[in-house]
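Q: Hi! I would like to learn how to read a protein structure, beginning with charged side chains that pair up. Could you walk me through this one?

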Amino acid sequence: MITIRPTIKNDVNKLCELQKSAFFPIYQQYHDAGNPYLRGVEDILCRLDSPTFKYFTILDDGEIVGGVLYRCEGNTPFTKLQEGEYYLVRIYVQPNRQGLGIGKTAILLCEKEFNNATKFYVDFPKGLNKNRKCYESAGFYGNGQYLEVESGLVLLAYEKNVVSQDVEKTIINA
């Protein structure tokens, strides 16, 4: 059973190991300077106590299998976040467990943690169809924006509007 929890310091070494293994193939493909494969334990640790970020640990039957990082304020590569908007900075799952719906489930569980959410953003390299399928299955859609961040690396922007529970109740009762 897939669950999430706020990341604690005891999770960091395992998350760093999983992040490196999950992002290594993407780094091999693009050799981009911003790839999470190049980041270490310190990168995760500094985000745990920051109000700008929210880090979650993904568990499968209690075993750590990945992580999810959201930006809660500030800028994304495409926009400045407004109140109630969140940017999915990265999600990663242990390589031998990718393609099993863990990422989609983790995203949906994380979104429930943001009570005031009106919109979520995410971006990813244009050629990563597995990522696209994951995000689309979690309700994201392409908004038509793209950005070449390095030669040969083009990010596609996706977003997801949140329907408030009050609106859902109104629709259901109509």
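A: Happily! Keep in mind that this is a predicted model. Let us begin with one pair: D43 and R39 form a salt bridge, and their closest N and O atoms are 3.3 Å apart.

Q: Which cut-off makes a pair a salt bridge?

A: The general idea is a distance rule: a side-chain nitrogen of Lys or Arg must be within 4 Å of a carboxyl oxygen of Asp or Glu. The D43 and R39 pair, at 3.3 Å, is one case. Taken as a whole, the structure holds 10 salt bridges.

Q: Are D43 and R39 buried or exposed?

A: Here we look at relative accessible area, where buried means under 20% and partly exposed lies between that and 50%. D43 has 11%, so D43 is buried. R39 has 28%, so R39 is partly exposed.

Q: Which residues are linked with R39 and D43 in a network of salt bridges?

A: R47 and R90 belong to that network together with R39 and D43.

Q: Which parts of the chain does the salt bridge between D60 and R97 tie together?

A: To read such a pair, find the element that holds each partner. D60 and R97 form a salt bridge with closest N and O atoms 3.4 Å apart. D60 sits in strand β2 (residues 53-60), while R97 is in the loop between β4 (85-93) and α3 (102-111), so the bridge joins parts 37 residues apart in sequence. Both D60 and R97 are buried.

Q: What about K160 and E111?

A: Their salt bridge brings the closest N and O atoms to 2.6 Å. K160 belongs to strand β7 (residues 153-161) and E111 to helix α3, so this pair connects parts 49 residues apart in sequence. K160 and E111 are buried as well.

Q: In what order do the strands form the sheet?

A: When reading a sheet, follow the strands from neighbour to neighbour. The 7 strands here form an open sheet in the order β1-β2-β3-β4-β5-β7-β6, with mixed pairing. At the edges stand β1 (2-6) and β6 (141-150); each has a single partner strand, so one side of each has no neighbour in the sheet. From one strand to the next, the twist averages 30°.

Q: In which sense do β4 and β5 pair?

A: β4 and strand β5 (residues 119-125) are parallel, with 4 bridges between them. To see this in the model, find L88, which stands opposite V122 in β5.

Q: Which strands do α3 and α4 meet?

A: For a helix on a sheet, ask what lies beneath and in which direction the helix runs. α3 lies across β1, β2, β3 (63-71), β4, β5 and β7, at about 45° to β1. Helix α4 (residues 129-137) also packs on the sheet, where α4 touches β4, β5 and β7, and its direction makes about 170° with that of β5.

Q: How do α1 and α2 cross?

A: For two helices, check the distance between axes and then the angle. The axes of helix α1 (residues 12-30) and α2 come within 9 Å and cross at roughly 125°. The two helices are therefore oblique to each other, and the crossing is right-handed. V12, N13, L15 and C16 in α1 meet V41, I44, L45 and L48 in α2.

Q: Where is T52 found, and what does T52 touch?

A: T52 is in the loop between α2 (41-48) and β2. Setting aside residues up to four places away in sequence, T52 touches Y70, R71, C72 and E73. With 17% relative accessibility, T52 counts as buried.

Key
Residues are numbered from 1 along each chain as its sequence is written. This is a predicted model: local features need pLDDT of at least 70, side-chain atom pairs count only at pLDDT 80 or more; totals for chains, interfaces and linings use all residues. Side-chain values use heavy atoms; hydrogens and water are left out. Buried means under 20% relative accessible area, exposed over 50%, partly exposed in between (1.4 Å probe, protein chains only). Contact means heavy atoms within 4.5 Å. Two strands pair if DSSP finds at least two bridges between them. Axes are lines fitted to C-alpha atoms, for helices over the stretch in contact, and angles run from 0 to 180 degrees between N-to-C directions. Angles under 35 degrees count as roughly parallel, over 145 as roughly antiparallel, 65 to 115 as roughly perpendicular and the rest as oblique. A crossing is left-handed if the near helix is turned anticlockwise from the far one by less than a right angle, and right-handed if clockwise.
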